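Grab a pencil and work through the exercises below. Try each task yourself before you read its solution.

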Amino acid sequence: MKLLALAVATLTLTGASLASAQNNEIGPRVGLGINPDQFVIGGQMNFPLEPHGLAISPNVELGVGDHTTTIQLNA
């Protein structure tokens, strides 16, 4: 189930990137989590909405450690 969710998120983000004609930004996310104590790594995309000065920044994160693995999808 987790693998399916990760695959869907990846395909969604890739499709949105290809469909957009704007200057999109892609970058890494790295950090530490608390409760459970985890090392977190992932990726983020930035879709600027030029006329309004806003942006949409979906990301995916994988947390490992403390005998637990988590996957987070954020819009």
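What distance does the polar contact between the side chains of Asn74 and Asn59 have? Keep in mind as you look that this is a predicted model.

**Exercise 1. Work out the surroundings of Asn74.**

Start with the side chains: the polar contact that joins Asn74 to Asn59 comes to 2.8 Å.

Next, place the residue. Asn74 sits in strand β5.

Now check its cover. Buried would need under 20% relative accessible area and exposed over 50%. Asn74 has 32%, so it counts as partly exposed.

Then list its partners. Skipping neighbours within four places in sequence, Asn74 touches Ser57, Pro58, Asn59 and Glu61.

Finally, take one C-alpha to C-alpha distance: Asn74 and Gln44 lie 9.3 Å apart in space, with their positions 30 residues apart in sequence.

**Exercise 2. Decide whether Asn46 is buried or exposed, and find what its side chain pairs with.**

First, locate the residue: Asn46 belongs to strand β2.

Second, apply the cut-off. Buried means under 20% relative accessible area. Asn46 has 18%, so it is buried.

Third, look for a polar partner. The side chains of Asn46 and Ser57 are joined by a polar contact of 3.0 Å.

Fourth, widen the view. With neighbours within four places in sequence left aside, Asn46 is in contact with Asn24, Glu25, Ala55, Ile56 and Ser57. Ser57 also turned up among the contacts of Asn74.

**Exercise 3. Describe how β1 and β2 are arranged, and what happens in the turn.**

Begin with the pairing: β1 and β2 run antiparallel to each other, over 9 bridges. For a spot to check on screen, find Ile26, which stands opposite Met45 in β2.

Then ask how well β1 is covered. Hardly at all: of its 9 residues, the number buried is 0.

Move on to the connection. The two strands make a hairpin with 4 residues between them. Asn35 lies in this loop, and so does Pro36, between β1 (25-33) and β2 (38-49).

Now look at the backbone there. Most residues other than glycine have a negative phi, and most peptide bonds are trans. Asn35 has a positive phi, near 60 degrees. The peptide bond from Asn35 to Pro36 is cis, with omega near 5 degrees.

Last, check the cover of Asn35: its relative accessibility is 72%, so it counts as exposed.

**Exercise 4. Find where His67 sits, and say what its phi is.**

Step one is the location: His67 is in the loop between β4 (59-65) and β5 (68-74).

Step two is the backbone angle. Phi of His67 is near 60 degrees, a positive value, and the residue is not a glycine.

Step three is the cover. His67 reaches 85% relative accessibility, so it counts as exposed.

**Exercise 5. Sum up the whole protein.**

Count the elements: there are 1 helix and 5 strands. Read from the N terminus, their order is α-β-β-β-β-β.

Turn to burial. Of the 75 residues in the protein, 17% are buried.

Look at the surface next: about 5,500 Å² is exposed, and carbon and sulfur atoms supply 65% of that.

Wrap up with the contacts. Among those with a separation of 6 or more, 28% link residues 24 or more positions apart.

How values were computed
Residues are numbered from 1 along each chain as its sequence is written. This is a predicted model: local features need pLDDT of at least 70, side-chain atom pairs count only at pLDDT 80 or more; totals for chains, interfaces and linings use all residues. Side-chain values use heavy atoms; hydrogens and water are left out. Buried means under 20% relative accessible area, exposed over 50%, partly exposed in between (1.4 Å probe, protein chains only). Contact means heavy atoms within 4.5 Å. Accessible areas come from the Shrake-Rupley method with a 1.4 Å probe; for residues, only the protein chains shown count as cover. A polar contact is a pair of N or O atoms within 3.5 Å; within protein, one must be able to donate a hydrogen and the other to accept it, and residues adjacent in sequence count only if both atoms are side-chain atoms. Two strands pair if DSSP finds at least two bridges between them.
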